[in-house]
Amino acid sequence: MTVTLADVAARAQVSPATVSRVLNGNYPVAASTRERVLRAVDELDYVLNGPASALAAATSDLVGILVNDVADPFFGIMASAIQSEIGGPGGRAGGERLAVVCNTGGSPERELTYLTLLQRQRAAAVVLTGGAVENGAHAEAMGAKLRKLGAAGTRVVLCGRPPAPDAVALAFDNHGGGQRLTEHLIELGHRRLGYIAGPEERTTTRHRLEGHREALAAAGVKDDPRLTVHGRYDRRAGYEATLELLRRDPSLTAIVAANDTVALGACAALRDSGLRIPEDVSVAGFDDLPFAIDAVPALTTVRLPLSEAGARAGRIAMGREEPPPGGIATVPGELMVRGSTGAPRA
């Protein structure tokens with residue numbers, strides 16, 4: 001037999017309207033009354049009709065979190081921090097909201113598909129993490145989709161992603177971080193630097209590479225296009241790119257990697273080639289993922305505050321923190337100098 005709202009009201013000894021207020025979270029209810037209602041909900045195993053409730057309200061209890069790769073710690077850390085902030089008052093199931101992590105695999109088409117599905121579900125909020133694809137048609141489609149979500153009452157927050165209309169953006173300073181990383185290596189005396197970049201179509205790739213090149217230009221170091229190799233943001237890409245860089249220029253004294261995972265692949269390739277780190281070749285990564293400090297030697301990198309930015313994005317998405325002025329905030333990185341970088345060999 002299906003449990004109804006009236007059954008919950010009878011068990012809690014309150015009116016059906018009070019039960020509705022507690023579950024919708026849209027009206028102040030005394031704490032003791034709220035506790036009685038929620039206890040009755042648990043005892044009777046009452047299930048709220050989510051779709052019908054969403055139609056009655058502007059939005060549902062659903063929060064979408066879009067990531068490129070859920071297995072990548074970069075995205076996992078942010079998604080976890082976002083989810084930690086989306087519970088509490090405001091939802092219709094005793095204050096909680098349902099987080100749905102959508103793994104796009106870096107596909108622009110899947111990104112748009114997930115946003116469409118979240119729009120149909122009247123999601124309360126959507127948080128998009130990581131870099132964007134630099135494609136005019138996709139950018140136009142994304143802009144239209146974000147406008148529709150916002151018009152329907154969905155809060156849209158970009159975390160670690162460049163600004164876009166109709167969304168709050170917490171953008172990582174990838175350009176500045178890339179510049180500081182290369183400046184550090186130049187200050188150590190390096191002049192032959194190889195660069196392992198990410199996929200060419202990603203904004204993160206372009207911004208970090210632009211920072212690297214700006215540091216080279218400022219120091220009067222030639223930017224040899226042969227010493228930049230593009231690949232995926234994974235260990236294998238770092239390994240293969242490093243072997244290619246060594247083939248192109250065996251005199252390299254430093255390698256800058258697109259991220260820490262790529263840097264681990266670079267380190268493995270150097271060791272397999274009989275080269276020492278940093279005595280023969282220095283290696284630097286980006287992001288400061290948890291394993292970076294445990295690498296041997298510990299990895300010099302740029303620390304991005306992934307957890308802090310994710311938590312802030314979650315609070316903004318839930319309306320518990322005001323958006324930054326103008327809806328845009330630049331989140332700086334911090335250079336972490338460790339044992340994988342040193343002065344070049346004489």
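A crossing of two helices is called right-handed if the near helix is turned clockwise from the far one by less than a right angle. Keep that in mind for the end of this tour. The model on your screen is predicted.

**Stop 1: the sheet**

Start by colouring the strands. Six of them form an open sheet, in the order β2-β1-β3-β4-β5-β11, with parallel pairing. Now select residues 98–103, which are β2, and 328–331, which are β11: these are the edge strands, and each pairs on one side only. Look along the sheet, and you can follow how neighbouring strands are turned against each other, by 15° on average if direction is ignored.

**Stop 2: from β1 to β3**

Next, select residues 62–67 for strand β1 and 125–129 for strand β3. The two run parallel and are joined by four bridges. To find one pair, show I65: its bridge partner in β3 is V127.

**Stop 3: β4 and its neighbours**

Keep V127 selected and add residues 155–159, strand β4. Is this strand mostly covered or mostly open? β4 is mostly covered, with four of its five residues buried. On one side β4 runs parallel to β3, and five bridges join the two. Here V127 stands opposite V157 of β4. To see how the chain gets across, select helix α7, residues 136–151: the path leads from β3 through this helix to β4, in a right-handed β-α-β crossover.

Now add residues 168–172, strand β5, which pairs with β4 in the parallel sense over three bridges. Show C159 as well, and look for its bridge partner L170 in β5.

**Stop 4: a helix across the sheet**

Select residues 306–317, helix α12. Which strands does this helix lie across? α12 lies across β3, β4, β5 and β11, and runs at about 170° to β4.

**Stop 5: two crossing helices**

Finally, hide the sheet and select residues 5–12, helix α1, together with residues 31–44, helix α3. Their axes come within 9 Å and cross at roughly 120°. Because of that angle, α1 counts as oblique to α3. Here the opening definition comes back: α1 passes α3 in a right-handed crossing. Show the side chains where the helices touch. From α1, the contact involves D7, V8, R11 and A12. From α3, it involves R36, V37, A40, V41, E43 and L44.

Definitions and conventions:
Residues numbered from 1 in each chain as written. Predicted model: local features only at pLDDT ≥ 70, side-chain atom pairs only at ≥ 80, totals over all residues. Heavy atoms only, no water. Buried < 20%, exposed > 50% of the residue type's maximum accessible area, 1.4 Å probe, protein only. Pairing = 2+ DSSP bridges. Right-handed = clockwise from strand over helix to strand, strands pointing away. Axes fitted to C-alpha atoms, helices over the stretch in contact; angles between N-to-C directions. Parallel < 35°, antiparallel > 145°, perpendicular 65-115°, else oblique. Contact = heavy atoms within 4.5 Å.
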